[in-house]
Amino acid sequence: MANISVGIVGLPNVGKSTLFNALLKKQVANVANYPFCTIEPNVGVIEVPDKRLPILAKIVNTQKIIPAAIEFYDIAGLVKGASKGEGLGNKFLSHIREVSAIVHVVRLFEDSDVIHVANKVDPKDDIETIENELLIADLETLNKQVEPKGNISREEHETFNIIKFLRERMNQGIPARNISLDHLDIHAPKHERAEMIKHLNLLTLKPVIYVFNVSEKQLEEKEKTEKQIKELIKDHNFLYLNAKLETEVLTFSQDEQKEYLMQFNLEETGLNRLIKKAYETLGLISFLTAGVKECRAWTIEKGTFAPEAAGVIHSDFEKHFIKANVIQFDDFVKLGGWHKAHELGKVQIVGKDYVMQDGDVVEFKVGV
């Protein structure tokens, strides 16, 4: 199963916990369906919104729907000096190392009742504080790497060259994700270079989604708010929401939610947008299985071959893969299920070299 865990970071009092608590209210009730044994209080297993599942369930006549899920970690507020152990710094930096992507919550709202850790609302400064802490922690990791000596392989030699290059660039304040390794004079193919340093788990190499916590007024003034955000970050992987509002909306019925969100010209909640954005940022897609027992969305990375996808359901399925019946969701719905689809020859029979697509409805044939 693709590793889908997202760490929520930010300074204290930016609305991080409010956001996390709203996410927790969306937590998958039946956690037993997921391969996570112990869920700490600061971890929420959140379902990925997927409108296709209820439609499939109706067609195949099943009551049981199991959506894909993402783990969200609430990582306590980082403060200046976290990389040096300030606050609970080191412990939380180690938590961030374990996640696949970072959600960086930034406060954009003004509210005299909510104290800001630096006594002023300065989103640019806040973003830099967190970025710097992650950068300093990464430099410490790189500085601990010792040059290999003696009879070493070419790969060890080239890995250390990458480390030296990163160290030099990151000392200039550049996060690892913005450093290209393409022009390094080494033999390793370009597409393998990032993989060579993966074991270092660098924090600034992880993809970041910026979540700006805004006031209701800022939510209404869409253009003005977006302009302000775009001046703050060059990265366009962001969204904005009102964390307090998100918690309130969850108590409403689906129709009330729609009506409420329409006041702000929003089609769906910020939480749903965040979950989808996390999925997209990590390069993940879902394939679907639809049978009388259950309808289910399975998470895989883009570019996954059919046998590996089968292995997500059960490891034996990959080893004993024979073929798969595949049909796109829209065709499956149009034809009203497997029977008609097979009858009209609309089901593709694919082998080991088939690359899975988002929304594929699949039946795997395995020799177990």
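Below are some exercises on this predicted model, each with a worked solution.

Residues are numbered from 1 along each chain as its sequence is written. Because this is a predicted model, local features need pLDDT of at least 70 and side-chain atom pairs count only at pLDDT 80 or more, while totals for chains, interfaces and linings use all residues; side-chain values use heavy atoms, with hydrogens and water left out.

**Exercise 1: the whole chain**

Work out how many helices and strands the protein chain has, and what share of its residues is buried.

Step 1. Start with the terms: helices (H or I, at least four residues) and strands (E, at least two) are DSSP runs, numbered from the N terminus. Going by that, the protein chain comes to 15 helices and 12 strands.

Step 2. Now for burial. Buried means under 20% relative accessible area, exposed means over 50%, and partly exposed is in between (1.4 Å probe, protein chains only). Of the 368 residues in the protein chain, 49% count as buried.

Step 3. Contacts come next, where a contact means heavy atoms within 4.5 Å. Take the contacts in the protein chain with a separation of 6 or more: residues 24 or more positions apart account for 70% of them.

**Exercise 2: a sheet**

Find the order of the strands in the open sheet of 6 strands, and say which ones are at the edges.

Step 1. Strands of a sheet pair through backbone hydrogen bonds, either parallel or antiparallel. Here, two strands pair if DSSP finds at least two bridges between them.

Step 2. Read off the order: 2-4-1-5-6-7, with mixed pairing. Strand 2 and strand 7 (238–241) are the edge strands, as each pairs on one side only. On average, neighbouring strands of this sheet are turned by 25° against each other, direction ignored.

Step 3. Zoom in on two pairs. Strand 1 (residues 5–9) and strand 4 (residues 69–74) pair in the parallel sense over 4 bridges, and Ile 8 stands opposite Asp 74 in strand 4. Strand 6 and strand 7 also run parallel, joined by 4 bridges, with Tyr 210 opposite Phe 238 in strand 7.

Step 4. Check the faces of strand 7. Both are covered: Phe 238 and Tyr 240 are buried on one side, Leu 239 and Leu 241 on the other.

**Exercise 3: two helices that cross**

Decide whether helix 1 and helix 11 are roughly parallel or roughly perpendicular, and describe their contact.

Step 1. Get the geometry. The axes of helix 1 (residues 16–25) and helix 11 (residues 270–281) come within 11 Å and cross at roughly 85°. Axes are lines fitted to C-alpha atoms, for helices over the stretch in contact, and angles run from 0 to 180 degrees between N-to-C directions.

Step 2. Put a word on the angle. Angles under 35 degrees count as roughly parallel, over 145 as roughly antiparallel, 65 to 115 as roughly perpendicular and the rest as oblique. Helix 1 and helix 11 are therefore roughly perpendicular to each other.

Step 3. Name the residues. Helix 1 brings Leu 19, Ala 22 and Leu 23, and helix 11 brings Leu 271, Leu 274 and Ile 275. Sorted by type, the contact has 6 nonpolar residues, no polar and no charged. (Ala, Val, Leu, Ile, Met, Phe, Trp, Tyr, Cys and Pro count as nonpolar, Asp, Glu, Lys and Arg as charged, and the others, Gly among them, as polar.)

Step 4. Look closer at Leu 271. Leu 271 counts as buried because its relative accessibility is 0%. The C-alpha atoms of Leu 271 and Leu 19 are separated by 8.2 Å, although the two are 252 residues apart along the chain.

**Exercise 4: two asparagines**

Are Asn 201 and Asn 265 buried, partly exposed or exposed?

Step 1. Place them. Asn 201 is in the loop between helix 6 (190–196) and strand 6, and Asn 265 lies in the loop between helix 10 (254–262) and helix 11.

Step 2. Compare with the cut-offs. Asn 201 has a relative accessible area of 30%, so it is partly exposed. Asn 265 has 65%, so it is exposed.

Step 3. Check the backbone. Most residues other than glycine have a negative phi. Phi of Asn 201, however, is near 55°, a positive value, and phi of Asn 265 is near 55° too.
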